[in-house]
Amino acid sequence: MSGVLDVIAWFLLVVGALLSLSAGVALIRFPDLLSRMHAATKPQVLGLLLVLIGCALRLRDAVDITTLLLVAVFSMATAPVAAHMIGRAAYRAGQARADLLVVDELADADDKR
Amino acid sequence: MKGGRWRDRCIAALGLTGIWVLLWGSFSALTFVGGLIIAVIVLVVFPLPAVTYAGRIHPLGTLRFLGRFLTDMVVASFQVVRLAFSFGHVPTSAIVAVKLRAPSDLGLTMTAEALSLVPGSLIVDVDRKKGVLYVHVLEVKSAEQAEQFKEDVLELERRIIRAFGSPAERRIIEEVPA
């Protein structure tokens, strides 16, 4: 039983790490700040969740699992806020590359709040 | 109104106590009472803005929302991965304005959070008064795709309101077509 759990944990940890790696690659490769924010905040959320589940399966200790649960909850609650603040600041500072945008309906909004 | 305010405070106190107990990692009378005392102190010292929650949690709607949310997240994560490794391809994107049909503060926040957690969409700006979300979408090639994305957002809002919404919001969602 514990052997099976170890294998699942191993698998989840590797997949989570690969997702984080791909986030890093995307961060370097994507053309402008707004698309980079997608890479910086998202695949990594799923990657982090998988790593946390993998750790929970490996540790199997109530004290550790509750802490991991808190890490998951707070990172999911805060990652979108951070992405939004940086994205918003970048757009207002004119860092969004207009040539890469097919549609930009924020530019048409009368007052950019 | 007054009763609702107290109910909100009690829920907040219980939530904070829950976090405290999780931080200790063990449930005992000491951690529970200690957490409750600290939660009350925190709520008195840092009063929360009045977020009124008029809805009820519907178990079936919640399950449906969570299931769809997790699948979206996994699928979209791997799309971003594919995009990251497709060398020589420069992804184009779009910023679309989506007007939500039932924009309560909480509904707006939850829709924005759920959208942001799924890769490929990022909230750039929010117009709280009009209930408009400005979403940056990755890998959009045409205006039609942008329109399609708007419908997806409205579908997401519908799922969230079916899971957590108030009866009034539910009525709007069922009456106004997407």
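Here are some exercises with worked solutions on a predicted model with chains A and B.

**Exercise 1. Work out which pattern of helices and strands chain A follows along its sequence.**

Solution.
- Start by counting: chain A has 4 helices and 1 strand.
- Now put them in order. Reading along the sequence gives α-α-α-α-β.

**Exercise 2. Do the job again for chain B: which pattern does this chain follow?**

Solution.
- The count for chain B is 6 helices and 3 strands.
- Walk along the sequence and you get α-α-α-β-α-β-β-α-α.

**Exercise 3. Compare the radius of gyration of chain A with that of a compact globule of 113 residues.**

Solution.
- Take the reference first: a compact globule of 113 residues would come out near 13 Å.
- Then look at the chain itself, where the value is 18 Å.
- Finish with the box: along the principal axes, the C-alpha trace of chain A spans about 60 × 25 × 15 Å.

**Exercise 4. Make the matching comparison for chain B, using a compact globule of 178 residues.**

Solution.
- A compact globule of 178 residues would have a radius of gyration near 16 Å.
- Chain B has 20 Å instead.
- For the box, the C-alpha atoms of chain B fill roughly 60 × 40 × 30 Å along the principal axes.

**Exercise 5. Is Thr66(A) buried or exposed, and what does its side chain reach?**

Solution.
- Find the residue: Thr66(A) sits in helix H4 of chain A, which runs over residues 62–92.
- Check the accessibility. Thr66(A) has 15% relative accessibility, so this residue counts as buried; the cut-off to beat is under 20%.
- Follow the side chain of Thr66(A): it gets to the backbone oxygen of Leu22(B) at 2.9 Å.
- List the contacts. Setting aside neighbours within four places in sequence, Thr66(A) touches Leu22(B) and Gly25(B).

**Exercise 6. Is Glu157(B) buried or exposed, and which residues is Glu157(B) in contact with?**

Solution.
- Place the residue first: Glu157(B) belongs to helix H5 of chain B, residues 143–164.
- Next, its relative accessibility is 2%, so Glu157(B) counts as buried.
- The side chain of Glu157(B) reaches the backbone nitrogen of Arg101(B) at 3.3 Å.
- Arg101(B) turns up again in the contact list. Leaving out neighbours within four places in sequence, Glu157(B) contacts Leu100(B), Arg101(B), Ala102(B), Thr111(B) and Ile173(B).

**Exercise 7. What share of chain A counts as buried, and how much surface does chain A expose?**

Solution.
- Of its 113 residues, 40% count as buried.
- Chain A exposes about 5900 Å², and 71% of that comes from carbon and sulfur atoms.
- Look at contacts too: among those in chain A that link residues at least 6 apart in sequence, 64% join residues at least 24 apart.
- Last, the charges. Chain A has 10 positive and 10 negative ones, with mean positions 4 Å apart.

**Exercise 8. Put together the same kind of summary for chain B: what share counts as buried, and how far apart do the centres of the positive and negative side chains lie?**

Solution.
- Out of 178 residues, 42% count as buried.
- The accessible surface of chain B is about 10000 Å², with 70% belonging to carbon and sulfur atoms.
- Among contacts in chain B between residues at least 6 apart in sequence, 67% join residues at least 24 apart.
- Chain B carries 20 positive and 16 negative side chains, and the centres of the two sets are 7 Å apart.

Key. Residues numbered from 1 in each chain as written. Chains lettered and ligands numbered in written order. Predicted model: local features only at pLDDT ≥ 70, side-chain atom pairs only at ≥ 80, totals over all residues. Heavy atoms only, no water. Helix = DSSP H or I, 4+ residues; strand = E, 2+ residues; numbered from the N terminus. Buried < 20%, exposed > 50% of the residue type's maximum accessible area, 1.4 Å probe, protein only. Polar contact = N/O pair within 3.5 Å; in protein donor to acceptor, adjacent residues only side chain to side chain. Contact = heavy atoms within 4.5 Å. Rg over C-alpha atoms; globule rule 2.2 N^0.38 Å. Areas by Shrake-Rupley, 256 points an atom, 1.4 Å probe, with all protein chains shown as cover. Lys, Arg positive; Asp, Glu negative; His and termini not counted. Charge placed at Lys NZ, Arg CZ, Asp CG, Glu CD.
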